[in-house]
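Here are some worked exercises to try with the model open beside you. Have a go at each task before you read its solution.

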Amino acid sequence: MKKRFIYSILFGIPGLLISAMLSLIVAGTAAGALWIFVFGDNPWPASVETILPVVILAVFLVVWTAILAAGFFIGKRLERDPVFNKGHILVSIGVIVAFLLGFGFFQLRIGNIGPRSEGLLCSDYCRQRGYSASSESPQNLGNRTCSCLDQFGNEILTVPMESLTMPK
């Protein structure tokens, strides 16, 4: 296989992740700017629901195409050299691993993976029993409790935090 195609792949896979991340950043920035400076809390026109995804897709495709083209032209330039640079493969794999680890650590930090927080356990416990809300005791107290509240905010049920076990 020619180096131009190998480098297109070496640049394309991390480029896919980079362009996806960049398009998400553009999406958040555009939506935030439209919300803060243009539409606010008023109803947004339906055209924004069409234009914004098109802009996000365009950013994704332009960035990914540019990265693929860069890989193609760099590979084409390196075809004269018969030795393959293994450092380029390691950099490509390193970028992919860095993105995946960053994504995994982010998901762990926000609680989507890993152990559930006491607040979520308490909330789920009370919701399963039909109560409107839940409350935890302050963390600086010795005995941690979970209280289930009715629609008026009155405590109906209080249980020790240690007794909360949620099915997995």
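**Exercise 1. Find out which residues of helix 2 are buried and what covers them.**

*Step 1.* In this predicted model, helix 2 spans residues 46–77. Its buried residues are V48, L52, V59, F60, V63, I67, G71 and G75.

*Step 2.* Look at what lies over these residues: the cover includes helix 1.

*Step 3.* Now take a residue of helix 2 that sits on the border of this picture, I74. With a relative accessibility of 25%, I74 counts as partly exposed, because buried is reserved for values under 20%. Setting aside residues up to four places away in sequence, I74 touches Y7 and F11.

*Step 4.* For a long-range check, compare I74 with M161: 87 residues separate them in sequence, and their C-alpha atoms are 59 Å apart.

**Exercise 2. Compare the end-to-end reach of helix 2 with the span expected at 1.5 Å a residue.**

*Step 1.* Count the residues: helix 2 has 32.

*Step 2.* Work out the expected span, which is 1.5 Å times one less than the number of residues. For helix 2 this comes to 46 Å.

*Step 3.* Go from the first C-alpha to the last. The reach is 47 Å, close to the expected value.

*Step 4.* Repeat for helix 3, residues 86–110. Its 25 residues reach 36 Å, and the expected span is 36 Å.

**Exercise 3. Describe how helix 1 packs against helix 2, and then against helix 3.**

*Step 1.* Choose the descriptors. Two packed helices are described by the angle between their axes and the distance between those axes.

*Step 2.* For helix 1 and helix 2, the angle is about 155° and the axes lie 7 Å apart. Helix 1 is therefore roughly antiparallel to helix 2, since angles over 145 degrees count that way. The crossing of helix 1 past helix 2 is right-handed.

*Step 3.* For helix 1 and helix 3, the angle is about 25° and the axes lie 10 Å apart. These two helices are therefore roughly parallel, as the angle falls under the 35 degrees cut-off. Here helix 1 makes a left-handed crossing.

*Step 4.* List who makes the contact between helix 1 and helix 3. Helix 1 supplies Y7, L10, I13, P14, L17, I18 and M21, while helix 3 supplies H88, I89, S92, V95, I96 and F99.

**Exercise 4. Follow helix 3 from its start to just past its end, stopping at its buried residues.**

*Step 1.* Begin at the start of the helix. A side-chain oxygen of N85 comes to within 2.9 Å of the backbone nitrogen of G87.

*Step 2.* Pick out the buried residues: S92, I96 and Q107. They pack against helix 1, residues 3–39.

*Step 3.* Zoom in on S92. Its relative accessibility of 8% makes S92 buried. Beyond its neighbours within four places in sequence, S92 is in contact with L10 and P14. A polar atom of the S92 side chain lies 2.8 Å from the backbone oxygen of L10.

*Step 4.* Step off the far end. Just after helix 3, G111 adopts a positive phi of about 95°.

**Exercise 5. Decide whether S137, A133 and G130 are buried, partly exposed or exposed, and place each one.**

*Step 1.* S137 belongs to the loop between strand 1 (133–136) and strand 2 (145–149). At 12% relative accessibility, S137 is buried. Leaving out residues up to four places away, S137 touches N143, R144 and T145. A polar side-chain atom of S137 is 3.5 Å from the backbone oxygen of N143.

*Step 2.* A133 is in strand 1. Its relative accessible area is 33%, so A133 is partly exposed. Apart from neighbours within four places, A133 contacts C126, S147, C148 and L149. E155 is 22 residues from A133 in sequence and 9.4 Å away, C-alpha to C-alpha.

*Step 3.* G130 sits in the loop between helix 4 (118–128) and strand 1. At 63% relative accessibility, G130 is exposed, because the cut-off for that class is over 50%. G130 and F37 are 93 residues apart in sequence, with 41 Å between their C-alpha atoms.

Note on methods. Residues are numbered from 1 along each chain as its sequence is written. This is a predicted model: local features need pLDDT of at least 70, side-chain atom pairs count only at pLDDT 80 or more; totals for chains, interfaces and linings use all residues. Side-chain values use heavy atoms; hydrogens and water are left out. Helices (H or I, at least four residues) and strands (E, at least two) are DSSP runs, numbered from the N terminus. Buried means under 20% relative accessible area, exposed over 50%, partly exposed in between (1.4 Å probe, protein chains only). Contact means heavy atoms within 4.5 Å. A polar contact is a pair of N or O atoms within 3.5 Å; within protein, one must be able to donate a hydrogen and the other to accept it, and residues adjacent in sequence count only if both atoms are side-chain atoms. Axes are lines fitted to C-alpha atoms, for helices over the stretch in contact, and angles run from 0 to 180 degrees between N-to-C directions. Angles under 35 degrees count as roughly parallel, over 145 as roughly antiparallel, 65 to 115 as roughly perpendicular and the rest as oblique. A crossing is left-handed if the near helix is turned anticlockwise from the far one by less than a right angle, and right-handed if clockwise.
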